[in-house]
Amino acid sequence: MLKVLRRGSTRYLALSAVLLTVLLCLYYANFNGPASGNSTAVTSSVSVALTSGGALEPQREADAAVALPAGEQRPPEEDLLEPEADALVAPDTCPALPSAKTDVDTVEQFRTFEFQPYWMKSREYWDTRFEDRYKLRKSKWAKLPLKVFLVPHSHNDPGWVKTYENYYHYQTKNILNNMVDNLQEFRNMTFIWTEISFFSQWWESAHPTKRRIVRNLLAEGRLEIMTGGWVMTDEATTHIYGMLDQLIEGHQWVKNNLGLSPKSGWSIDPFGHGSTVPYLLKMSGISGTVIQRIHYAWKQWLAERQMGDFLWRQNWDPDGHTDLLTHNQPFDIYSIKHSCGPHPQVCLNFDFRKIPGEYTEYSLRAVPIDQFNVKQKAELLLEQYGRTGSLFSHNVVLMPLGDDFRFDHDIEWNQQYSNYKMLFDYINQNKDKYHAEVSFGTPSDYFSAVRERSENFQTLKGDFFVYSDIFAEGRPAYWSGYFTTRPYWKVLDRELEASLRSAEILYTVALNRARQHGFNKTVQLLERDYERITKARQSLALFQHHDAITGTSKSFVMHDYALKMFEGIQDTLFIQQRCAQVLLVKDAPLSGLSREVSWNKVLSNRPSQPFMNFLLPDTDRESYEKLPQKVPLVVPRNEPRRIVLFNSLAQQRQDVVKIRVTTPHVKVLDSEGNIIPYQVNPVWNLTHSARVPRDANKETGEGGAEKIESVLQMAKDLFEVVFVADLPPVSLVTYIVERVAEKNFQARSVVYCSSCGRNVGDASYVPPFEVKGMQTGDIQLENYRMKLLFDGRSGFLKAVTRKTTGHTTQCGLQFAAYPSAQFHSGAYLFMPDPNSREAERDILGSIDGQNHRDIQIVITSGPIASELSVVYNPILAHTVRIYHAAGPLSEGIYIENTIDFEAPPKNRETELFMRVVTDISNGDPPEFYSDLNGFQMQKRVKVERIGIEGNYFPITSMAYIQDSSRRLSLLVHHAQGAAAWQPGWLEVMLDRRTLYDDSRGMGEGIVDNKRMLTKFWLLLEEVTSQDSATASETFSRPSLFAHHLSNSLLYPANLFVVEGMTEIPSTGHQQSDHSTERELVLKKKVVLVSRPFPCDVHLVNLRTLSDVSYTQFPSQSALLVVQRQGYACDIGAGVTIPQCSLEVASSNNADGSKSPTFHKRTFFSDLNMGAIVQTSLTGLHQIHKFESLDSVEMSPMELLSLNVTFVL
């Protein structure tokens, strides 16, 4: 350099100055960057930019939408992740969420109702008050004429008492074919359709001429697609993922095949209505919706106030931007008998269906309309329409004409149309006399007419659970049983959701990376696999149907649903394996070979087949009816085994990983080869029984007869390895399991039990664990955050002490059952037997009684976790576990229940529940909060007059109770019913068996219970003192920690075992024959995003969209759906979530509620993003275009969809 300077080279002087400047900039950029929170995060290429405040800010050299210069290598994917700060919930930055201001709060109003009205036995709320108002309104028809829209419809359940396929082939196909033929002939008749699952199948086989006719009918407005979902979703037991995914599936199909977007919603058969569906419809571009099944007391109250049309507002909406115009059908159900007016016996005259061989009450009552009876019948019908119109201030009536699977016979179209046309013609020809106009129409016609006559509507917040009818028996029947019915299927649904979501994310990234890298064979394979994803989507969507996930279909239909879901789980697992392989295999060495040509080199001792699967799931499941079983991992000496974990969440997470091995002599290493803490546990065998002699008679000294007793013992050649994995956001990470020569006693758990150390089949067997006897008295487990006290006799939790505060909360767990009321408790209904001697049955058996079950308690404690398991064979195996690892896992109490009702008639008429009894003062009457579809929380207040059955509510992710200092939250992983019947109580229904039908149409009891596993987290969090007035005006939300743990429970890390992989020689330099240097074929870690999402932003889905022209193929676009999960500002502030930072509200938005959806410089690693467009929720309507993800903002609680196009 000195020589160069002496020569006075200005060129080298300039280069030196540039180099020095770059080094200084790098220093300052890293100095001002975020603090390091993760040892695996390293510095990536940065340049320096000046922010608006004048500070230096690091920026990436290449934005996601810009390709790297030729020859320049992007940093390794495991090095892309930037360090993040820990999550900190602070009052000054926590987003405030005031409770919505509305005219009606359903929680407050419901408590005021009369639940035993005088009209109950007549089943009609219409009385002289309604009649007088009708007559007064009728006298004013000249000024405000009656306007009626008759809406022909056919409600088609995609499975109920027949399977989906049977319904389609024998009824639905005929309905749609008849629709095409008859709507051409009857030029002013209309029709609506809702279930796209059926419509799409019919469309695939429809003649092009029929397709053209359908498009013309849609363009004319005589045929309307309602809601546009794959099914008419249940609104109580579905999770937000499944609800939204079935809506996207339907909307995308409608847009791609029919070229339109649905305008109105139609939800007439779900058993109660929640506020989630109105939000999804509103955010999808729908402007009005129709609901039907709400509590009979609500029907009367809304009718009295002429409030059948109202604006449904979300609980957390301060400005009304979520308002959806909602029409409540004022009478019981959607059949013609119960909808034409307040008097069902009159309405029977106007159902003109007469099919040879059918004998129904309407076919016997109704007579055809002719010139002799038209006047009398028209006036009779007009009276019913007029009475209905008097329940609305605008005097416009939406009148459905149809029922389940109506119009399946061609003759019915003519019968209904010709008779109603004569009635309509007569009324319309006498407008001066009747001051009424009646016509065929659609709900969109109705909403347009209503908006012409009314500008202001009352607002309502809350929901309409629990639904109750009286029309069947003349007394209240609460539809709260289906919240829990067939829980095994509800768990299966959530397993498919989680598996499909992981497959969607991996597929989108793998496919577009393969496209951008030019791996054409890989692209071809993945495009072919798109059919598997589509099929899994549709299987999940089908199960969201209100007679599927509810468990309210016949047993053979439920079996059919389960087979479809099971196949979906298998297919999505296959997709995950294939896509993970594509992402994990290293690019080819510098030999000029493509990755695909060198793929076969990664397999040892295998035939030369490209893309052979070397990632295998760690579980095996013979059929959907059996729980998955862990496949033992064989770890030979000197042959390490690799496992791969996929974290589908967009935040750093701790996840507990369990694997089965055949030897306890193993250790676990992370992706960098460092030994990490782990624990070796025994695997318990609960199936062995032994003959045990009874105790001798104390008086005679004679020995007792032998009795059969279940014995809990350790498996001899199976062991469980447990470790805590720290996983980057949206990442694939490899871990290594190695055989060790020395004995790893420090990793082996210590076992406490009475007799579990012995082996029934081999008395000489010595377990490789330290086994200690159980001492009498209560039992205590603890970690560095809490102490748990258990009852030493029952094995159930009694109390929890927080070590930080020293405060002890009574927290007793109980298991019991309500005896079912025969014929009144079934698949739909829940009703405890009012004649039972005991309100609750001790199903586990008294500990001291003669009929007590075998109770076996085992404690397992090690460096990772301590757990207590108690077995009440065979009905219940209950485990409570706490973790010792530093981090969020140590803040919660993990609970598992294995439940087995055995074969019927055992445990008949049983409603099994788990109850937490605390000293939390949650009011009197008690209050609790239940989630609505995993989307938001809803306050519940006990109404004692309607019994426990009317106070059970649906939960799908969590429920909590709280007082001024503590909150107890119970996180669940599937839909269940929950209640807080007494102060301090919180209970969830676990399983139900009723031998008899409850007379709601299914025609059979529930006896197909399966042995099932349920999972929970129990959280006890501190409440920061808050002004009581402020607290009452704030929308209640879970803590940020509860969200974090709930997401981990619902979407556990996916675990795969590497099978058949080998190592290949390094190609970086010439090797000798004896060289042992080798390199791994698999990448250690693949991080799919440059930065984690903010801690309160949940990645709902990254869903590849179908090609518009060839819908069986994937496009280059994906729908990125995120949710900003609103969290409490005063709960759990002391819990730190590592590397999970938040974004505060920006100062430039009008209301101050919006904050950046993503951290700066967030993009998908190794992918080039082109267009980024915010769309309506289902992707049909464009809203705004963005240059990058940096510019996207959203408010708490909201869902947001972005159409992201990946470019080559």
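A residue is called buried when its relative accessible area is under 20%. In the predicted model described here, Phe 935 has a relative accessibility of 3% and therefore counts as buried. The value for Trp 316 is 2%, so this residue is buried as well.

These two residues introduce the aromatic contacts of the structure. A pair of aromatic rings is described by the distance of the centres and the angle of the planes. The count of such pairs comes to 63. In the pair formed by Trp 316 and Phe 935, the ring centres are 6.2 Å apart and the planes stand at 75 degrees, so the arrangement is edge-to-face. The pair links distant parts of the chain, 619 residues apart: Trp 316 belongs to the loop between strand S9 (309-313) and strand S10 (324-328), and Phe 935 to the loop between strand S38 (927-932) and strand S39 (936-941). A second pair consists of Tyr 818 and Phe 830, with ring centres 5.7 Å apart and planes at 55 degrees, and is therefore tilted. Tyr 818 is located in strand S32 (residues 808-819), while Phe 830 is in the loop between S32 and strand S33 (855-861), so this pair ties together parts that are twelve residues apart in sequence. Tyr 818 and Phe 830 are both buried.

Aromatic residues also take part in other arrangements. One aromatic cluster is formed by Phe 110, Phe 113, Phe 115, Trp 298, Trp 301, Phe 310, Trp 312 and Phe 464. Elsewhere, a charged side chain is placed over a ring. Arg 501 lies over the face of Tyr 1051, at 4.4 Å from the ring centre, and the charged end of Arg 967 sits over the ring of Tyr 960, 3.8 Å from its centre.

Side chains of opposite charge can pair when their charged atoms come close. A search of the whole structure finds 58 salt bridges. In one of them, Glu 495 is joined to Arg 621, with the closest N and O atoms 2.8 Å apart. Here too the pair links distant parts of the chain, 126 residues apart, as Glu 495 is in helix H17 (residues 487-517) and Arg 621 in the loop between strand S17 (619-620) and strand S18 (629-630). Glu 495 is partly exposed, at 29% relative accessibility, whereas Arg 621 is buried, at 13%.

Helix H17 also contributes to a salt bridge with a neighbouring element in the numbering, helix H18 (residues 520-543): Arg 537 lies in H18 and Glu 504 in H17, so the pair ties together parts that are 33 residues apart in sequence. The N to O distance between Arg 537 and Glu 504 is 2.7 Å. Arg 537 is buried, with a relative accessible area of 2%, and Glu 504 is buried, with a value of 0%.

A salt bridge between strands is formed by Arg 915 and Glu 987, whose closest N and O atoms are 2.9 Å apart. Arg 915 is in strand S37 (residues 910-918) and Glu 987 in strand S44 (residues 985-993), 72 residues apart. Both Arg 915 and Glu 987 are buried. Salt bridges that share partners further join Asp 351, Arg 353, Glu 358, Arg 406, Asp 408 and Glu 412 into one network.

Gln 416, in helix H14 (residues 410-429), is buried, with a relative accessible area of 1%. Beyond its neighbours within four places in sequence, Gln 416 is in contact with several residues, including Asp 351, Arg 353 and Arg 406. Helix H22 (residues 1040-1050) is mostly covered, with eleven of its eleven residues buried.

The structure holds four disulfides. Cys 94 and Cys 1129 form one of them, their sulfur atoms being 2.0 Å apart. The torsion of -85 degrees about the S-S bond makes this link left-handed. Cys 94 lies in the loop between strand S2 (56-60) and strand S3 (104-105) and Cys 1129 in the loop between strand S51 (1114-1124) and strand S52 (1155-1156), so the disulfide ties together parts that are 1035 residues apart in sequence. Cys 94 is buried, at 8%, but Cys 1129 is partly exposed, at 21%.

The disulfide of Cys 340 and Cys 347 has a sulfur separation of 2.1 Å. Its torsion about the S-S bond is about -90 degrees, so the link is left-handed. Both Cys 340 and Cys 347 are buried.

Note on methods
Residues numbered from 1 in each chain as written. Predicted model: local features only at pLDDT ≥ 70, side-chain atom pairs only at ≥ 80, totals over all residues. Heavy atoms only, no water. Phe/Tyr/Trp six-rings, centres within 6.5 Å; stacked < 30°, edge-to-face > 60°. Helix = DSSP H or I, 4+ residues; strand = E, 2+ residues; numbered from the N terminus. Buried < 20%, exposed > 50% of the residue type's maximum accessible area, 1.4 Å probe, protein only. Lys NZ or Arg CZ within 6 Å of the ring centre and 35° of its normal. Salt bridge = Lys/Arg side-chain N within 4 Å of Asp/Glu carboxyl O. Contact = heavy atoms within 4.5 Å. Disulfide = S-S within 2.5 Å.
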